[in-house]
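This report sets out selected features of the structure shown below, from single residues to the arrangement of domains.

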Amino acid sequence: MPDNGSATRPLRVAIIGSGPSGLYAAEALTRHDEVEVSIDVFDRLPAPFGLARYGVAPDHLALRSVRNTLETVLDDPAVRLLANVEVGTDISVEELHRFYDAIVFTYGAATDQRLEIPGEDLDGTISATELVNWYCGHPDAAGERVEAAITAATSAVVIGVGNVAVDVTRVLSKTAPELDHTDMPQHVLDLLAATSITSITVLGRRGPAQAAFTTKELKELGELADADVLVDAHDLALDPVSEADIEGERRRERNMEVLEEWSTRTPARGRRTIRLRFFSQPVEITGPDRVTGVRVERTRLDADGSLHGTGEYTTIDADLVVRSVGYQGMPLAGVPFDEARGVVPHAEGRVVDDGTVVPGEYVAGWIKRGPTGIIGTNKKDATATVRSLLADAAQLPRAAQPDPDAVTTHLSERGVRYVDVDGWHAIDAAEIALGESKGRPRTTLHDREALLESARRGVRD
Ligand code: NAP
């Protein structure tokens, strides 16, 4: 067996991204007794947990509690957090190979898909990613843009019928008491409490049978304190393709049951409305400089399930448009990338460049398979990648500087202020204290400098 040093020292592994995929990969590596490991988890943000902190809706407390499980991984003595370090800027992938025997890329799909229709960049049009980043307190959120779009809005259109579209519709429709127990930053809560949005139209380009949302998430729209859901019964008439799509598909059947019940409801006067419209393809976002509406074309499905415009157009009045048509993975300098699919190409989790496996490089999560699935999907996915890594352990190219101090010295020499797990615990304590001061369980620190200052102060204490 070739000597990769693992007989005399632990295998050094860098994980790029501290979201669920990265931390599940770390967990899978530490739970193995075949190979001793020493893991550094990098994140470009000062606080860990990726989409578990900056993607899962703040009012989904049970889902957000996955952070508690992920935190136990960071407390494992074999795992070290190096947050506030941007791979590609603060340290290159080539440099990482000097310090690590293996690198696992789990940096997710941080940006959003575009519609590529006229008017997409008008004021008052934002992406769900921008809105979610803002209400979750992401340090890079486009706060001014989002706040300018929401503040004066009264009628919104949300484009897309996936779970993110449902999340943003629900958050925009909730009353202040429905959001008060969340960990949203205070300025977000204040702005949402003052919103004048009274109607939201959610657009699906295909039919209800093809909608991507899950039933549990859909049903929550019908349980809001001050919003009624409306569905046009006409949209629920099933064509043969939709009937076939639904048959035996429990999620779709249950979605249809919920939508059918809503189509019989009459909205109460004076309450906000959420209208779900299907077979509606946006073709233009209208307005001279600020959005005034969304022009949609009625669609139909062909016998083979393909989507066609019917030539029937209507314009929905709106002064806020949120496009929620999926996330998009981005390339990282020095790592192979499939532009068409927005993923890092791989074979069983091993990074592949032009059909050849790149030694010592692995990939897991959304940047491996695309932005689909629930948090739990990433556990299975990360574990599969780790299985490949461990199978390769004996053959991995050996790092020139495996001492854990070598990489942190390198970062310090570059002036990179990394946040370790003690720094994170200090941020955590500061957020809990800030929340308690306002009678809430936690308030997210959204400002990068405030996060770094809390991390430093805690470490000094
Ligand atoms: P998604 O599930 O892929 O949904 C994207 C939606 O955008 C689909 O309805 C899609 O319609 C539509 N769309 C795409 N391109 C379009 C276009 N050009 N014009 C009009 N509509 C278009 O993506 P997502 O909502 O961003 O969610 C990402 C993943 O995170 C999903 O797996 C989701 O389940 C998960 N997630 C889960 C939760 C939860 O468990 N609570 C919460 C949030 C997100 P077509 O189907 O016609 O393409």
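## Surroundings of Arg442

Beyond residues up to four places away in sequence, Arg442 touches Arg67, Thr182, Asp183, Trp424, Asp428, Glu431, Ile432 and Gly435. The model in which these contacts occur is predicted. Arg442 belongs to the loop that runs between α17 (421-437) and α18 (448-460). Its relative accessibility is 15%, so Arg442 counts as buried. One of the residues it touches, Asp428, also takes part in a polar contact: the side chains of Arg442 and Asp428 approach to 2.5 Å.

## Domain arrangement

The domain assignment divides the chain into domain 1 (11-110 + 329-419) and domain 2 (113-326). Taken over C-alpha atoms, the centres of domain 1 and domain 2 are 33 Å apart. To the contact, domain 1 contributes 15 residues and domain 2 contributes 20 residues.

About 1,300 Å² is buried between domain 1 and domain 2, and carbon and sulfur atoms account for 55% of this area. On the side of domain 1, the residues that lose the most area to domain 2 are Tyr54, Pro58 and Asp59; together they supply 45% of what that side buries.

## The seven-stranded sheet

Seven strands form an open sheet with mixed pairing, in the order β3-β2-β1-β4-β18-β17-β16. The edges are occupied by β3 and β16 (346-347); each has a single partner strand, so one side of each lacks a neighbour in the sheet. Helix α1 packs on this sheet and touches β1, β2 and β3, and the direction of α1 makes about 175° with that of β2.

At the β16 edge, the pairing with strand β17 (residues 350-353) is antiparallel and extends over two bridges. One bridge pairs Ala347 with Arg350 of β17. The loop between β16 and β17 contains Glu348, whose phi is near 50°, a positive value in a residue other than glycine. Glu348 counts as exposed because its relative accessibility is 61%. The loop between β17 and β18 (356-363) holds Asp354. For Asp354, too, phi is near 50° and thus positive in a residue other than glycine. With a relative accessible area of 79%, Asp354 is exposed.

## Helices α1 and α4

Glu27 is part of helix α1 (residues 20-30). What is the environment of Glu27, buried or exposed? The relative accessibility of Glu27 is 9%, so this residue counts as buried. Apart from neighbours within four places in sequence, Glu27 is in contact with Val73 and Lys379.

Val73 is located in helix α4 (residues 66-74). At 5% relative accessibility, Val73 also counts as buried. Residues up to four places away in sequence aside, Val73 touches Leu23, Ala26, Glu27 and Val79. Leu23 and Val73 are separated by 50 residues in sequence, while their C-alpha atoms are 6.5 Å apart in space.

## Helix α16

Helix α16 (residues 404-413) has Ala406, Val407, Thr408, His410 and Leu411 as buried residues. The buried residues of α16 pack against three strands, β1 (11-16), β2 (37-43) and β3 (79-83), and against helix α5 (93-99).

Both ends of α16 show local features. At its start, a side-chain oxygen of Asp403 comes to within 2.9 Å of the backbone nitrogen of Asp405. Just after the helix, Gly415 adopts a positive phi of about 80°.

## Strand β14 and its partners

Strand β14 (residues 320-323) directs Leu320 and Val322 one way and Val321 and Arg323 the other way, and all are buried. What is the sense of pairing between β14 and strand β6 (residues 125-127), parallel or antiparallel? The pairing of β6 with β14 is parallel and comprises three bridges. Within it, Ser127 has Arg323 of β14 as its bridge partner.

Strand β7 (residues 155-159) also runs parallel to β14, to which it is joined by four bridges. In β14, the residue that stands opposite Val158 is Val322.

Technical notes. Residues are numbered from 1 along each chain as its sequence is written. This is a predicted model: local features need pLDDT of at least 70, side-chain atom pairs count only at pLDDT 80 or more; totals for chains, interfaces and linings use all residues. Side-chain values use heavy atoms; hydrogens and water are left out. Buried means under 20% relative accessible area, exposed over 50%, partly exposed in between (1.4 Å probe, protein chains only). Contact means heavy atoms within 4.5 Å. A polar contact is a pair of N or O atoms within 3.5 Å; within protein, one must be able to donate a hydrogen and the other to accept it, and residues adjacent in sequence count only if both atoms are side-chain atoms. Two strands pair if DSSP finds at least two bridges between them. Axes are lines fitted to C-alpha atoms, for helices over the stretch in contact, and angles run from 0 to 180 degrees between N-to-C directions. Domain bounds come from an automatic or database domain assignment. Buried area is the accessible area (1.4 Å probe) that two parts lose on being put together, summed over both.
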